[in-house]
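I opened my notebook with two things to look up. One was a single threonine and its surroundings. The other was the ligand and what lies around it.

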Amino acid sequence: MGTVVTSHFLKNGYKITVLDNFIYKNQFAIQHYLGDANYKIFYGDMSDNGVLDLVSDDITDVIILAGLVGDPITKKYPDISDSINNKGVKNCIDYFNGKGIDKLIFISTCSNYGLIKENELADEEFLLRPLSLYAKAKVSNEQYLFNKKGLVDYAAVILRFATAFGLSPRMRFDLSVSEFTRDIFFGKELLIYDGDTWRPYCHVRDFARLLEMVILSDQTKVGFEVFNAGGEVNNFTKKMVINEILRYIPGGKVNYKENGSDPRNYKVSFAKVKSILSFEPEFTVVDGIKELLEALELGVYDDSIRNKEKYGNYSLTGIEELLNND
Ligand SMILES: NC(=O)c1ccc[n+]([C@@H]2O[C@H](COP(=O)([O-])OP(=O)(O)OC[C@H]3O[C@@H](n4cnc5c(N)ncnc54)[C@H](O)[C@@H]3O)[C@@H](O)[C@H]2O)c1
């Protein structure tokens, strides 16, 4: 997502400073930006204040996208997850106080809602029921950040992102819409667990646009506010996503089974982000499926099954030294 956000801001004339420790050996994703006079990249960890000193030179706003992202990878590396998603993020929240920035935007997740009843729609006041290590850290960081109100000199904004889809320089095939589309395109027979469970989705380019809207907003409008980020048009069940894909690939083979290992089921209200920021997604899930199918037809992702590690958060190939020291 960071790459799509970078593209958006560079295109709109902003200067961008990026910090990443490339835990998946994902440096390839930034090659396109190198050499751009408005782009600065630092290789380092967000829990290292030495590198944060370098990064924080001449910046006006901070967006915390960095993290160990997703339930499977955090479950696989619980200790590293704790040091990145709990300690690293809180370190940034503390570090950027007193640096004169306007806003610190923390990217949280709609996964925080966990499991809700079929007829309910989770708005920002809805009870948080994080089920995974990943979501528990997000909720803990949200609370930590809220408790800073009146104690920090920036306006904090929390955006609970829906699940991402859409083409990206660091394409992820561990995210449902893209994974299902790619797999059906390549003729794989899919087994989908809990096909009737709801999830909100949002295109990465819409997230980037929303981030710019937040940056341009008055502190009084967004400061210490939480927004669900997405649009109700993209609340889909897994079965609905599959049915859309099958409209383009009618011969696709999909089987369904109940009682999988991921009980999450949440339908989300995006009324607040629409009324306060006038944000509505430009792209639907169907748009995302279509643009990915076009790329697949061009052969852009022909290596994505063979080169699985490159296309998702599967293992921490970029920090082997750290793992070996554990
Ligand atoms: N992808 C989604 O569907 C989704 C949904 C909801 C919320 N989010 C949130 O959006 C943000 C971006 O997600 P994404 O999908 O782009 O994730 P990603 O895994 O593609 O990117 C995360 C980046 O953070 C970097 N990173 C990890 N630990 C770091 C550290 N300690 N210091 C510096 N960099 C570090 C990684 O190398 C990687 O480039 C995350 O905070 C995520 O929790 C994502």
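I started with a polar contact. The side chain of Thr 74 has a polar atom 3.0 Å from the backbone oxygen of Asp 71. I noted that this is a predicted model.

Next I asked where Thr 74 sits. I found Thr 74 in helix H3, which covers residues 71-76.

Is Thr 74 buried or exposed? I read a relative accessible area of 0% for Thr 74. Buried means under 20%, so Thr 74 counts as buried.

I then listed the contacts of Thr 74, leaving aside neighbours within four places in sequence. They are Leu 68, Ser 81, Asn 85, Leu 133 and Tyr 134.

I met Tyr 134 again at the ligand, as one of the closest residues there. The others I wrote down as closest are Asp 20, Ala 164, Arg 170 and Arg 172. In total, 28 residues surround the ligand.

How do the residues of this shell divide? I noted 15 nonpolar, 8 polar and 5 charged.

I looked up polar atoms beside ligand oxygen atoms. Asp 20 has a polar side-chain atom 2.5 Å from one. For Asn 313, a polar side-chain atom lies 2.8 Å from a ligand oxygen. Phe 22 uses a backbone N or O atom, at 3.4 Å from a ligand oxygen.

I checked the ligand's cover next. Alone, the ligand exposes 830 Å², and the protein buries 95% of that.

Last, I asked which elements give two or more residues to the shell. They are strand S4 (103-109), helix H5 (133-146) and strand S6 (163-165). S4 gives the most, with 3 residues.

Terms used:
Residues are numbered from 1 along each chain as its sequence is written. This is a predicted model: local features need pLDDT of at least 70, side-chain atom pairs count only at pLDDT 80 or more; totals for chains, interfaces and linings use all residues. Side-chain values use heavy atoms; hydrogens and water are left out. Helices (H or I, at least four residues) and strands (E, at least two) are DSSP runs, numbered from the N terminus. Buried means under 20% relative accessible area, exposed over 50%, partly exposed in between (1.4 Å probe, protein chains only). A polar contact is a pair of N or O atoms within 3.5 Å; within protein, one must be able to donate a hydrogen and the other to accept it, and residues adjacent in sequence count only if both atoms are side-chain atoms. Contact means heavy atoms within 4.5 Å. A residue is near a molecule or strand if one of its heavy atoms lies within 4 Å of it. Accessible areas come from the Shrake-Rupley method with a 1.4 Å probe; for residues, only the protein chains shown count as cover. Ala, Val, Leu, Ile, Met, Phe, Trp, Tyr, Cys and Pro count as nonpolar, Asp, Glu, Lys and Arg as charged, and the others, Gly among them, as polar.
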